[in-house]
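Please load the model into your viewer and keep the selection panel at hand. The tour goes from one selection to the next and says what is there.

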There are 4 protein chains.
Amino acid sequence: MKKDKKQALLDSALCLFVEQGFHGTSTASIAKKAGVATGTLFHHFASKEALLNYLFVTIKQEFANNITTALSISADIAGGVKKEAQLLWQLAIDWALLNPIKQRFFLQYSLSADISSETRHQAMNVILDFVVILIEKGQRQGILADFPIALMLENCHGQYFAAIRYFTEHPQWGNDATQRKASFELFWRSMEAQ
Amino acid sequence: MKKDKKQALLDSALCLFVEQGFHGTSTASIAKKAGVATGTLFHHFASKEALLNYLFVTIKQEFANNITTALSISADIAGGVKKEAQLLWQLAIDWALLNPIKQRFFLQYSLSADISSETRHQAMNVILDFVVILIEKGQRQGILADFPIALMLENCHGQYFAAIRYFTEHPQWGNDATQRKASFELFWRSMEAQ
Amino acid sequence: MKKDKKQALLDSALCLFVEQGFHGTSTASIAKKAGVATGTLFHHFASKEALLNYLFVTIKQEFANNITTALSISADIAGGVKKEAQLLWQLAIDWALLNPIKQRFFLQYSLSADISSETRHQAMNVILDFVVILIEKGQRQGILADFPIALMLENCHGQYFAAIRYFTEHPQWGNDATQRKASFELFWRSMEAQ
Amino acid sequence: MKKDKKQALLDSALCLFVEQGFHGTSTASIAKKAGVATGTLFHHFASKEALLNYLFVTIKQEFANNITTALSISADIAGGVKKEAQLLWQLAIDWALLNPIKQRFFLQYSLSADISSETRHQAMNVILDFVVILIEKGQRQGILADFPIALMLENCHGQYFAAIRYFTEHPQWGNDATQRKASFELFWRSMEAQ
DNA sequence: TATGAATGAGTATTCATTCAT
DNA sequence: GATGAATGAATACTCATTCAT
């Protein structure tokens, strides 16, 4: 019962921020939807901005945990870097398709000025940690092209967002094997060594 | 003298929207910076939103004109699709580096909820028209991979934004031939037929 | 052609003031509907208030002229005070039914704070001049009750407005002889000597 | 202490609306006079219009309660319809004289376009309920003329307003028995059966 | 912890009026 | 006389935040 109200606030905020935008959502409406008093929000979060940033980090962490857990389970078994990248890519797309609201939240807030750059960098590092590791591994093995790592990271990010934007706008193709394959190929080919 | 005040308002708005965000910028501050009265803004634009959308379309159009003009000049001379894509990519990167404020405007507002989806779609179609044409040409010639065109478009967009984000964060490499080449390679390889 | 624009402004203002109220009507919208520039309104009228007051006096005068003209024509022929009162009443109701917009203008603005009390008094005196004369005549002849003239005047006014409000809300009865008779009876009986 | 601020706002609004008109009164001035913050007004009323309408209904209700209470006390004792009408009339005039600001509020806003027609109809039905009952009773007993009830109601309203306008403009006669009698006679005779 | 009435600075927008052409 | 772009003071309403209970 203790975490209930805080979680209810986070749930409401997620929905409303996605539906109406950060500035289009009043703290009063978040509290109302969560079924708590307006003042309660400020017992759990120092400010509206703090709530948004907390929400952002929480969801990024949840995403990262989901991917790395699944990845580590398969890691022992699986072989090459490409297999690993493929798994990572499919897991990331799956997560987005299974969590449409959180995915829209990513799309809207990852580049938003409402998220503090501090939070953004923190989240980036958390989430892209395993990507960096994978890229470096691939480069050492001569499987991935030898472009600057920061450039490749930005590119991964940009391609991932492009893919989930595409699947969001064409939901019917989210489970189509050909489309899923195509999205991975675009991603993989860009980084593969030639 | 007639267009002066409207243009002054657009110039001020561009700066302030980029520096402080859309919601962080008051209409009064835009007018003040433009050296006009607060009412004048609303004489030229129906609302703050309308101003933002007008600005967005105007800049996208300017970008598109810049690229297509340069492209058409070289088009007669140049040869294959790859050369054309390379030219397009370098022109687009150049434009971003030469217009840092407008580039930051793109980065911040292209996916922002403050731009109406109508405007976004209009801008996308206007600006990406020549990209679509190029992709289709490359696919007919068997030079580009045969992935869905909408997916490839999103991917181009995502990679372009990734590239200009990278060059923005590492300005010293904007004129480094190796870096520029790398950014194009990431882009081109993702779409090239194998 | 000289009076055209002024009259067009008055016509537009009448419509708009009745439809949207004085404060709900902008001078710009009056000018637009009249097909003139916004500044033109202020060449003909010192202010928005001045336009309203001018309109009020003009219409009251038109009403008064209409009644007194018709009244004077019949006056020579007709007999008693009651006949005269009856004629006056029917003329006044007819005018209202034939000029529904001007009648609504009366209803809305006769007691409105937007009309200067000066204008209101002036208009009252103009319009009720012949009523005062009639009442005094009736009292001298012992046909009308001997109540204070100012009270009787207010009462006439109130009953006239009640009648036209009634016929406005029940338009189908405006030409029903029984209803018209009833409205006059209510009026006449209140003032008749007993 | 809970109703204090809301009531203070209503009191201020009543005064200011009567003194300066609805459009001449800013919400800030209402709040200031009430000794509360500007936001407090909007905590209790959805809008300035909502405040006006609430005020209107409240005062009409207060008026109706005042009349009907006094009427019901005497109802058991008193006799005919005329006595009852006379009592009603005098109570209504008394109320207006004892509540000059609320009476001016009636005069200014009962027909004003600033009151929603919904509110006006509600108020009319609430307040004139007992009048309708009295008229119908009088008609059944053959004491009142058999004119349409809606016409008679409008007429009552118009005559009441005329009377209070008269007594407002000539305050010295408000307690003069002759004048009071005259005002009732004008009212009664108009409706009495002949 | 939780409440929700109260706050008051902040803001987009309106609009009567002016004036250079 | 006529125009209409420009003005800038005025105002309803919002909303993150506080605090007494």
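The stops below take the protein pairs, then the DNA strands.

**Before you start**

This is a predicted model, in which local features need pLDDT of at least 70, side-chain atom pairs count only at pLDDT 80 or more, and totals for chains, interfaces and linings use all residues. Residues are numbered from 1 along each chain as its sequence is written, chains are lettered from A and ligands numbered from 1 in the order in which they are written, and side-chain values use heavy atoms, with hydrogens and water left out.

**Stop 1: chains A and B**

Select chain A and chain B. A rotation of 179° with 0.1 Å of shift along its axis puts chain A on chain B, with an RMSD of 0.1 Å; the fit is by least squares on the C-alpha atoms of residues with pLDDT of at least 70 in both copies. Both copies use the same surface, as 96% of the contact residues of chain A recur in chain B.

Now show the residues in contact, that is, with heavy atoms within 4.5 Å. There are 27 in chain A against 26 in chain B. The two chains bury about 3,000 Å² between them, 66% of it on carbon and sulfur atoms. In chain A, the residues that lose the most area to chain B are L151(A), L186(A) and R189(A), together 24% of what that side buries. Buried area here is the accessible area (1.4 Å probe) that two parts lose on being put together, summed over both.

Next, pick E154(A) and R165(B). Their side chains form a salt bridge of 3.3 Å, N to O. The term stands for a side-chain nitrogen of Lys or Arg within 4 Å of a carboxyl oxygen of Asp or Glu. The interface of chain A and chain B has 2 salt bridges by this rule.

There are also 8 residue pairs in polar contact between chain A and chain B, both residues at pLDDT 80 or more. A polar contact is a pair of N or O atoms within 3.5 Å; within protein, one must be able to donate a hydrogen and the other to accept it, and residues adjacent in sequence count only if both atoms are side-chain atoms.

Colour α8 (149–169) and α9 (177–191) of chain A, which each supply at least two residues of the side that touches chain B. The largest share of that side, 10 residues, comes from α8(A). Helices are DSSP runs (H or I, at least four residues), numbered from the N terminus.

**Stop 2: chains C and D**

Switch to chain C and chain D. A turn of 180° and a shift of 0.0 Å along the axis lay chain C on chain D with an RMSD of 0.1 Å. That is the relation of a two-fold axis. Of the interface residues of chain C, 96% are also interface residues in chain D, so the copies meet through the same surface.

About 2,900 Å² is buried between chain C and chain D, and carbon and sulfur atoms give 65% of this area. For a salt bridge in this interface, select R165(C) and E154(D), at 3.3 Å, N to O.

**Stop 3: DNA strand F**

Select DNA strand F and the 30 residues around it; T27(A), K48(A), T40(B), H44(B) and T40(C) come nearest. A residue belongs to this set if one of its heavy atoms lies within 4 Å of the strand. Which parts of DNA strand F lie within 4 Å of the protein? Sugar or phosphate accounts for 62% of those atoms, and bases for the rest.

Zoom in on three contacts:

- K48(A): an N or O atom of its side chain is 2.8 Å from a phosphate oxygen of DNA strand F.
- H44(B): a polar side-chain atom lies 2.7 Å from a phosphate oxygen of DNA strand F.
- G39(C): a polar backbone atom is 3.0 Å from a base nitrogen of DNA strand F.

The largest share of the surface near DNA strand F, 5 residues, comes from α3(B).

**Stop 4: DNA strand E**

Finish with DNA strand E. Of the 30 residues around this strand, T40(A), T27(C), K48(C), T40(D) and H44(D) come nearest. T38(A) has a polar side-chain atom 3.1 Å from a base nitrogen of DNA strand E. In K48(B), a side-chain N or O atom is 2.9 Å from a phosphate oxygen of DNA strand E. At A37(D), a backbone N or O atom lies 3.1 Å from a phosphate oxygen of DNA strand E. α3(D) gives the most to the surface near DNA strand E, with 5 residues.
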